[in-house]
Amino acid sequence: MKRTHPLNTVRALAVTTSAPPARTTIGLILVGCALMFLVLQIGTTWLTGRFDMTWSALIATSTMLGLALLLEKLFFKRGRLPALRALGFRRPNPPALAVAGIIALIMLAFFPLFTLVTGIPVSLRSDWWWILIGAVALNGIAEETLFRGYVFGGLRRSGLSFGRAGGISLVIFAAVHLLLFIQNPFLIALLGTLVAIAAAFPMAYLFERGNNALWAPVVLHVAAHAIRLVDVPEPYYLIAVTAWLVLQLVAPFLVLAFRRNLLKLHADRDS
């Protein structure tokens with residue numbers, strides 16, 4: 001007869017007595033995700049008419065983070081610090097950050113190569129640093145907190161496998177990108193949605209192997225929006241954006257090239 005280790009028994013009892021049922025947890029995660037996304041979407045839309053994009057991003061992100069902490073307290077009975085750790089605000093994992101930095105540099109090499117190949121000039125915008133702050137807040141911290149920390153991380157804590165948690169978060173991540181079809185040319189919206197689909201599993205993998213911390217996915221997510229930091233002559237803008245989005249279909253999978261060395265599975269030091 002197979003013997004059960006006492007420590008495993010204790011852990012199993014802790015889960016069954018203190019954690020809500022998996023279905024309930026998944027339902028709460030989906031409800032919280034919808035509320036947090038509405039705050040981001042409605043908040044940035046409403047605020048943009050009153051402030052510039054960066055201030056709108058900063059205010060909407062702060063509001064969403066406050067809501068995330070409140071939901072963690074109401075739904076999962078977590079205090080502020082445990083909630084922040086659950087959402088991914090943990091000590092950065094240096095190997096994961098190194099992977100994200102290497103891939104980000106490869107992505108940024110697109111701009112000089114694009115100019116070299118096409119002869120189309122690409123220049124850094126004068127207010128690039130201010131746009132970058134907004135991108136870090138909204139596309140980096142807010143969206144990664146929502147999709148990786150709250151949704152994917154929450155689904156994993158509920159007991160779902162990596163594949164199932166990643167699949168659900170992929171569907172949600174892709175669904176919200178369908179809004180791109182409202183204000184963008186069809187090709188750009190289609191590529192943007194495909195990029196979201198392509199990035200979901202690699203970003204989840206980077207998040208989980210990076211100590212369940214947001215910082216490496218934040219670096220990659222912000223780098224994916226670097227096209228906003230440059231000026232391209234108007235007649236060639238659509239060409240540049242299309243080429244950039246095609247690159248984003250491939251770039252996230254570079255994460256998997258590091259899975260045997262820099263992204264080895266390791267113990268969670270903050271748990």
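## Fold order

From the N terminus, the elements of the protein chain run α-α-α-α-α-α-β-α-α-α-α-α-β-α. That comes to twelve helices and two strands. The model is predicted.

## Burial, contacts and surface

The protein chain has 271 residues, and 42% of them count as buried. Take the contacts between residues at least 6 apart in sequence: 79% of these join residues at least 24 apart.

The exposed area of the protein chain is about 14400 Å². Carbon and sulfur atoms supply 70% of that area.

## Aromatic pairs

The protein chain is next examined for its rings. The count of aromatic pairs comes to 14. One pair is formed by Trp55 and Trp130, with an edge-to-face geometry. Their ring centres are 5.6 Å apart, and the angle between the planes is 65°. The angle is over 60 degrees, the cut-off for edge-to-face, so the pair falls in that class.

What does this pair tie together? Trp55 lies in helix α3 (residues 53-76) and Trp130 lies in helix α7 (residues 128-157), so the pair links parts that are 75 residues apart in sequence.

Is Trp55 buried, exposed or partly exposed? Trp55 has a relative accessible area of 45%. Exposed needs over 50% and buried needs under 20%, so Trp55 counts as partly exposed.

## Aromatic cluster and a charge over a ring

Phe152, Phe162, Phe201, Tyr205 and Phe207 make up one aromatic cluster.

Arg148 sits over the face of Phe173. The distance to the ring centre is 4.9 Å, and the cut-off for such a charge is within 6 Å.

Technical notes:
Residues are numbered from 1 along each chain as its sequence is written. This is a predicted model: local features need pLDDT of at least 70, side-chain atom pairs count only at pLDDT 80 or more; totals for chains, interfaces and linings use all residues. Side-chain values use heavy atoms; hydrogens and water are left out. Helices (H or I, at least four residues) and strands (E, at least two) are DSSP runs, numbered from the N terminus. Buried means under 20% relative accessible area, exposed over 50%, partly exposed in between (1.4 Å probe, protein chains only). Contact means heavy atoms within 4.5 Å. Accessible areas come from the Shrake-Rupley method with a 1.4 Å probe; for residues, only the protein chains shown count as cover. Rings of Phe, Tyr and Trp (its six-membered ring) pair if their centres lie within 6.5 Å; planes under 30 degrees apart count as stacked, over 60 as edge-to-face and the rest as tilted. A charge sits over a ring if NZ of Lys or CZ of Arg is within 6 Å of the ring centre and within 35 degrees of the ring normal.
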